[in-house]
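Colleague: I am new to this one. Can we go through the labels and check each against its value?

Modeller: Yes. Here it is.

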Amino acid sequence: MQGSEKTKIVSGLVVLALAGGLGACNTTASPLVTGSIPDRKAPLVVSDEERDCLGRAMYFESNRSDEGGLLAVGTVVMNRLEAAIFPGGICAVVGQPGQFAPGVLTKPMQERDLQKVADAADAVLAGERHPKVGKAMYFHTAGHHFPYKNMHYVAVAGGNAFYEKRDSRAARKEMPNSPALPTTVSTYAAIPALPAAQ
């Protein structure tokens, strides 16, 4: 009796182990996470301090009521984080002298905006990026004009014009008749097309 009970228990464990292994054949090797969605960056796990630095840059550098503007600034911060010319973590990137608004890391934020900023920062850390900003690492207040020929504008969002720095000769070849700034404001939300006139 003791031997047959041991055989039943071992047989049962073997069946359970095989069933669990066979069940895995019908699933993907790894679960779907935000970083595995096409056109999304891999999720980034950071400290609360780094998350706060990202949120502060997004808050103080954009029109706080524009979610697209928050996302666009967050995209620039993350682009800079990935670039070798801007070393360090998020706080080092945001705190770099002359790059972001004075006091961005120390000024108080409005209580009513904290949740929106936290949600936007979490979205950026989860891999979301502004679709028009692309690899741009620079921006300035929209409406300002500069004489530099190497500024290739890609989007306007949250009161800022976002641009890539390019070799001025290559930029002239690529865009010979381009305006200094985009003529329409790009926001994260798509605007539905107007119905055709009949």
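Colleague: Where is the place of His152?

Modeller: This is a predicted model. In it, His152 sits in strand 2, residues 151–157.

Colleague: Why is His152 called buried?

Modeller: Its relative accessible area is 12%. Buried means under 20%. So His152 is buried.

Colleague: What makes the pair His152 and Arg166 a polar contact?

Modeller: The side chains of His152 and Arg166 are joined at 3.4 Å. The cut-off is within 3.5 Å, for a pair of N or O atoms. The contact therefore counts as polar.

Colleague: On to Glu61. Which helix does Glu61 lie in?

Modeller: Helix 2, which covers residues 48–61.

Colleague: Is Glu61 buried or exposed, and how do you know?

Modeller: Glu61 has 14% relative accessibility. Exposed would need over 50%, and buried needs under 20%. Glu61 therefore counts as buried.

Colleague: What does Glu61 touch, leaving out residues up to four places away in sequence?

Modeller: Val73, Phe100, Ala101, Phe139 and Asn160. With Ala101 there is a close pair of atoms to name: the backbone nitrogen of Ala101 lies 2.4 Å from a polar atom of the Glu61 side chain.

Colleague: How far apart are Glu61 and Gly158, in sequence and in space?

Modeller: They are 97 residues apart in sequence. In space, C-alpha to C-alpha, they are 8.4 Å apart.

Colleague: Now the helices. Why is helix 2 called oblique to helix 3?

Modeller: Helix 2 and helix 3 pack at about 130 degrees, with axes 8 Å apart. Roughly perpendicular ends at 115 and roughly antiparallel starts over 145. The angle falls in neither range, so helix 2 is oblique to helix 3.

Colleague: Which residues make that contact?

Modeller: Helix 2 brings Leu54, Ala57, Met58, Tyr59 and Glu61. Helix 3 brings Leu70, Leu71, Val73, Gly74, Val77 and Met78. By class, the contact has nine nonpolar, one polar and one charged residues.

Colleague: What makes helix 3 and helix 5 oblique as well?

Modeller: Helix 3 is residues 67–82 and helix 5 is residues 114–125. They pack at about 45 degrees, axes 10 Å apart. Roughly parallel needs under 35, and roughly perpendicular begins at 65. Helix 3 and helix 5 are therefore oblique to each other.

Colleague: Which residues meet there?

Modeller: Leu70, Leu71, Gly74 and Met78 in helix 3 meet Lys116, Ala120, Val124 and Leu125 in helix 5. Six are nonpolar, one is polar and one is charged.

Technical notes:
Residues numbered from 1 in each chain as written. Predicted model: local features only at pLDDT ≥ 70, side-chain atom pairs only at ≥ 80, totals over all residues. Heavy atoms only, no water. Axes fitted to C-alpha atoms, helices over the stretch in contact; angles between N-to-C directions. Helix = DSSP H or I, 4+ residues; strand = E, 2+ residues; numbered from the N terminus. Contact = heavy atoms within 4.5 Å. Nonpolar A, V, L, I, M, F, W, Y, C, P; charged D, E, K, R; others polar. Buried < 20%, exposed > 50% of the residue type's maximum accessible area, 1.4 Å probe, protein only. Polar contact = N/O pair within 3.5 Å; in protein donor to acceptor, adjacent residues only side chain to side chain.
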